[in-house]
Amino acid sequence: MHDAPFDQARFRQALGRFATGVAVVTALAPDGGRLGITVSSFNSVSLLPPLILFSIARRANSFPAWQAARHYAVNVLSEAQEALSDRFAKPSGDRWEGVETVDGRNGVPLLAGSLAVLECVAHARHPGGDHEIFVGEVEALAIGDTPAPRPLVFFSGRYRRLDTAGEAHLAPSDSLFPKSWA
């Protein structure tokens with residue numbers, strides 16, 4: 001490790017060293033149109049009540065529609081859905097053409113084949129610099145029935161694959177994670 005002057009490019013590079021899963025958040029715009037955006041900024045916030053968060057860049061063309069959305073869904077992607085991640089990461093074009101969806105509880109489009117889907121009601125929004133942080137309360141969820149799920153992973157600016165040849169390890173019994181998460 002070496003110490004160098006702080007700049008935006010190095011900050012982005014450092015953040016890229018944290019491996020994340022990839023999700024597509026979907027919603028309905030006030031005019032009834034479908035919204036969808038790829039995020040890697042997805043986290044759990046609370047178990048009681050069940051809260052999650054994600055963030056969206058304020059410069060996104062659809063940002064005002066996201067601010068008005070009352071319900072949305074977080075679709076956790078599998079390795080097989082890399083093309084969906086790319087599609088919903090682009091700022092324009094018809095993202096929905098040919099995409100298989102089902103309607104969620106509140107009409108929000110859910111992406112077929114996702115590893116998990118969390119249907120949320122908007123709970124709060126917070127300023128986050130050039131992004132806005134959206135907090136949703138989970139009202140319903142579905143977990144895919146793929147026998148050996150393989151998540152879509154992003155690290156250092158690229159999609160990556162988990163090594164399944166290695167042995168999985170449980171979190172230590174004295175860890176901060178609830179035992180049900182292991």
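Buried here means under 20% relative accessible area. Keep that cut-off in mind as we walk through this predicted model.

**The whole chain**

Start with a cartoon view of everything. The protein chain holds three helices and twelve strands. Of its 182 residues, 32% count as buried. Among contacts with a separation of 6 or more, 63% join residues that are 24 or more positions apart.

**Stop 1: N75, a buried residue**

Select N75, which lies in strand β6. Is N75 buried or exposed? Its relative accessibility is 0%, so N75 counts as buried. Show the side chain of N75 and follow it to the backbone oxygen of V24, which it reaches at 2.9 Å. Now add the surroundings: beyond neighbours within four places in sequence, N75 is in contact with V22, A23, V24, T26, L110, L111, S114, A116 and V117.

**Stop 2: the seven-stranded sheet**

Next, colour the strands of the open sheet that contains β6. Its seven strands come in the order β3-β2-β6-β9-β10-β5-β4, with antiparallel pairing. Look at the edges, where β3 and β4 (43–46) stand. Each of these two has a single partner strand, so one side of each is left without a neighbour in the sheet. Turn the view to see the twist: neighbouring strands of this sheet are turned by 35 degrees against each other on average, direction ignored. As a reminder, strands of a sheet pair through backbone hydrogen bonds, either parallel or antiparallel.

Now zoom in on β9 and β10. How many bridges pair these two strands? There are twelve, and the pairing is antiparallel. Pick V117 and find its bridge partner in β10, A142. Then pick P127, which stands opposite E132 in β10. Between the two strands of this hairpin are two residues, and G129 takes a positive phi near 65 degrees.

Move across to β5, which is joined to β10 by seven bridges and runs antiparallel to it. Here F54 stands opposite F134 in β10.

**Stop 3: A57, in strand β5**

While you are in this region, select A57, which lies in strand β5. A57 has a relative accessible area of 13% and is buried. Leaving aside neighbours within four places in sequence, its contacts are F63, D130 and H131. Try a distance label from A57 to G128: the two are 71 residues apart in sequence, yet 9.1 Å apart in space, C-alpha to C-alpha.

**Stop 4: the nonpolar cores**

Switch to side chains and select V25, F54, W66 and Y72. These are the residues with the most contacts inside the largest nonpolar core, which has 20 residues. Which elements give two or more residues to this core? They are β2 (23–28), β3 (34–39), β5 (51–57), α2 (63–68), β6 (71–76), β9 (116–128) and β10 (131–143).

Centre on F54 for a closer look. Not counting residues up to four places away in sequence, F54 touches V25, V39, S41, F42, Y72, V74, E132, I133 and F134. Then select L77, V99, L111 and L152, which belong to a second, separate core of nine residues.

**Stop 5: helix α3**

Select residues 82–89, which make up helix α3. Which of its residues are buried? They are L84, S85 and F88. Look down the axis of α3: the buried residues fall within an arc of 105 degrees, so they line one face of the helix. Over on the other side of α3, A83 and A89 are exposed.

Show what lies against the buried face. The buried residues of α3 pack against β2, β3, β8 (109–111) and β12. Through its contacts with β2 and β3, α3 packs on the seven-stranded sheet. Its direction makes about 110 degrees with that of β3.

**Last stop: the three-stranded sheet**

Finish with an open sheet of three strands, in the order β1-β11-β12 and with antiparallel pairing. The edge strands are β1 (20–21) and β12 (158–160), each pairing on one side only. Two bridges join β1 to β11 (residues 153–155). To see one of them, select G21 together with V153, its bridge partner in β11.

Terms used. Residues numbered from 1 in each chain as written. Predicted model: local features only at pLDDT ≥ 70, side-chain atom pairs only at ≥ 80, totals over all residues. Heavy atoms only, no water. Core = buried A, V, L, I, M, F, W, Y, C linked by side-chain atoms within 4.5 Å. Buried < 20%, exposed > 50% of the residue type's maximum accessible area, 1.4 Å probe, protein only. Helix = DSSP H or I, 4+ residues; strand = E, 2+ residues; numbered from the N terminus. Contact = heavy atoms within 4.5 Å. Pairing = 2+ DSSP bridges. Arc of directions from axis to C-beta. Polar contact = N/O pair within 3.5 Å; in protein donor to acceptor, adjacent residues only side chain to side chain. Axes fitted to C-alpha atoms, helices over the stretch in contact; angles between N-to-C directions.
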